[in-house]
Amino acid sequence: MKAFCIHEPGRSALIECPKPSVGPGEVLLSINVVGFCGSDLTTFRGLNPMVSYPRIPGHEVGGTIVELGEGVDTQWSVGQQVLVSPYTNCGSCSSCRQGRFNCCRFNETLGVQRDGAMTEFLAIQQEKLFAAPGLTLAEMALVEPLTVGFHAVDRGRVTETDIVAVFGCGAIGLGVISGAAYRNARVIAIDIDEDKLELARKAGATDTIQSSKQDLHETLQQLTDGHGPDVIVEAVGLPRTFRGAVEEVCFAGRVVYIGYAKAAVEYETKYFVQKEIDIMGSRNATPEDFKTVISMLQAKRF
Ligand SMILES: [Zn+2]
Ligand SMILES: [Zn+2]
C-alpha cells in the first residue's frame with residue numbers, strides 16, 4: 001500500500017509499505033479522510049520535540065472498517081464508518097494510576113511517536129474506535145482536534161455562569177470556544193486575524209477582540225464589569241500570551257494552558273498568590289471528551 005512518509009525534516013515522499021495485518025482485538029481501517037494538523041507541519045519542519053524519523057504522520061481520522069480481528073466486539077462490523085482516538089496509555093505510570101490516561105507519561109500518539117494514518121490502511125485496537133452516526137467522514141476527522149479544546153474546557157471546570165476568554169482562534173482555540181459555548185458559558189475570542197475571529201463567532205464566541213487593533217486589557221475589563229474573565233485558556237504558545245492569561249484573569253480565576261510555549265516565560269508571580277488562581281495544563285483528551293464532541297456535532301452545534 002501507499003503511505004506518506006516524512007523521512008527527515010524537510011524531506012517527504014510517497015512510499016510503498018506492507019499492508020498491515022490485524023491482530024486479536026484489532027480492526028483494519030480503510031482511511032477515507034485524514035486531517036493535516038499543525039503538529040504534522042511542525043514534524044516536517046523538524047521542530048516537534050516528541051517525534052522521531054522516519055515517520056508516517058496522521059492522527060485525525062475518518063475511516064471504514066474493512067476487516068475484523070479475532071475477538072472483536074459485535075458492536076463493530078465491516079463497512080462501518082468510525083473515528084479513532086490516536087493515543088495509547090501504559091496503565092502503570094502515575095497518570096494512568098489516577099485514571100488520567102490522556103496524560104500518560106509514555107503516551108504514543110499516532111503519527112508522532114508511532115506511524116500514523118496517512119496511509120491506505122491502518123490496524124488499530126477496537127478500544128480506540130468511536131462510532132458517530134450521522135456525521136460525515138470529514139466531520140469524523142475533525143473530532144480529534146476539537147477534543148483537545150474540549151478537554152481544556154473540562155480542566156477549567158467551565159460552567160454556564162463563567163465568562164471564558166480564549167487566546168488564539170486556530171483549530172485548538174476553536175475547539176475551546178465551541179466546548180465552552182456548548183456548556184453555555186459566555187465566550188470572548190481573542191486573535192489578531194479577523195478571518196479567524198469570524199470563524200470563532202460561528203463556533204459560538206459571543207464577543208471577539210482583535211488584539212492588534214483593540215486594547216486587550218481595557219476591552220476585557222469592559223466586557224467583564226472590571227473583574228476580568230473567570231477562565232482564560234491560552235492556545236497560542238507565546239510568552240506574552242502565557243503571561244497575559246495570568247495578568248488578565250479575575251481574582252480566584254482559572255488559567256488553562258494547552259500549547260507548549262516556544263520560549264521560556266518570565267512571570268510576575270505575585271498574581272498567582274494575590275489572586276489565588278488555579279493554573280492548569282491540558283494535554284490530549286479523554287474518551288469522555290470524544291463522546292461530548294461527537295454529541296455536539298450530531299446536535300449541529302458547530
Ligand atoms: Zn493534532
Ligand atoms: Zn501511563
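I count two residues as in contact when heavy atoms lie within 4.5 Å. With that settled, I opened this predicted model and began at aspartate 278.

**Entry 1: aspartate 278**

I looked up which residues touch aspartate 278, setting aside those within four places in sequence, and found Arg157, Gly253, Arg254 and Val255. Aspartate 278 belongs to strand 13. Its relative accessible area came out at 32%, so I noted aspartate 278 as partly exposed. I also checked the spacing to arginine 254: 24 residues in sequence, yet 4.7 Å from C-alpha to C-alpha. Arginine 157, one of the contacts of aspartate 278, turned up again when I looked past the end of helix 3, where arginine 157 has a positive phi near 50°.

**Entry 2: the zinc ion**

Which protein atoms hold the zinc ion (ligand 1)? I found SG of Cys37 and NE2 of His59, at 2.1 to 2.3 Å from the ion. Cysteine 37 sits in the loop between strand 3 (26-34) and helix 1 (38-45), and histidine 59 sits in the loop between helix 1 and strand 4 (61-68), so the two tie together parts that are 22 residues apart in sequence. I then asked whether histidine 59 is buried or exposed. Histidine 59 is buried, at 5% relative accessible area.

**Entry 3: the loop that carries histidine 59**

I stayed with the loop between helix 1 and strand 4, where proline 54 is also found. The peptide bond joining tyrosine 53 and proline 54 is cis, with omega about -5°. That was worth a note, as most peptide bonds are trans.

Next I checked glycine 111, in the loop between helix 2 (94-97) and strand 6 (121-125). Glycine 111 is buried, with 1% relative accessible area. Beyond its neighbours within four places in sequence, its contacts are Val51, Arg55, Ile56, Pro57, Gly58 and Gly116. I tried serine 30 as well: serine 30 and glycine 111 are 81 residues apart in sequence, with 16 Å between their C-alpha atoms.

**Entry 4: the two domains**

I noted the division into domain 1 (2-131) and domain 2 (148-281). How far apart are their C-alpha centres? They lie 30 Å apart. The contact takes 4 residues from domain 1 and 4 residues from domain 2.

**Entry 5: the nonpolar cores**

I looked for the largest nonpolar core and found one of 40 residues, in which Leu83, Val143, Val164, Ile177 and Val233 have the most contacts. Among the elements that supply at least two residues each are strand 8 (163-167), helix 4 (171-182), strand 9 (186-191), strand 11 (231-234) and helix 9 (287-298). Helix 3 gives the most, with 8 residues. Both domain 1 and domain 2 contribute, so this core lies between them.

I then followed valine 164. Leaving out neighbours within four places in sequence, valine 164 contacts Val158, Ala180, Ala185, Arg186, Val187, Ile188, Val231 and Val233. Apart from the largest core lies another, of 16 residues, including Ile163, Leu223, Ala245 and Ile277.

**Entry 6: helix 3 and helix 7**

Helix 3 deserved its own page. Its 19 residues reach 28 Å from first C-alpha to last, close to the 27 Å expected at 1.5 Å a residue. Where does helix 3 bend? I found a bend of about 35° at glutamate 144, and proline 145 follows within four residues. Helix 3 is mostly covered, with 14 of its 19 residues buried.

For helix 7 (residues 239-248), I listed the buried residues: Thr241, Phe242, Gly244, Ala245, Val246 and Glu248. These pack against strand 8, helix 6 (216-223), strand 11, strand 12 (254-257), helix 8 (270-274) and strand 13 (278-281). Strand 13 brings me back to aspartate 278.

**Entry 7: two more positive phi values**

Most residues other than glycine have a negative phi. I therefore wrote down aspartate 225, which is not a glycine but has a positive phi of about 55°. Aspartate 225 lies in the loop between helix 6 and strand 11, and at 67% relative accessible area aspartate 225 is exposed. Lysine 300 also has a positive phi, near 55°. I found lysine 300 in the segment after helix 9, where lysine 300 counts as exposed at 60% relative accessibility.

Terms used
Residues are numbered from 1 along each chain as its sequence is written. Chains are lettered from A and ligands numbered from 1 in the order in which they are written. This is a predicted model: local features need pLDDT of at least 70, side-chain atom pairs count only at pLDDT 80 or more; totals for chains, interfaces and linings use all residues. Side-chain values use heavy atoms; hydrogens and water are left out. Donors are N, O and S atoms within 2.8 Å of the metal (3.2 Å for Na, K and Ca); water is not among the atoms, so sites may look incomplete. Buried means under 20% relative accessible area, exposed over 50%, partly exposed in between (1.4 Å probe, protein chains only). A nonpolar core is a set of buried Ala, Val, Leu, Ile, Met, Phe, Trp, Tyr and Cys residues joined through side-chain atoms within 4.5 Å. Domain bounds come from an automatic or database domain assignment. The expected span of a helix is 1.5 Å times one less than its number of residues. The bend at a residue is the angle between axes fitted to the seven residues ending there and the seven starting there.
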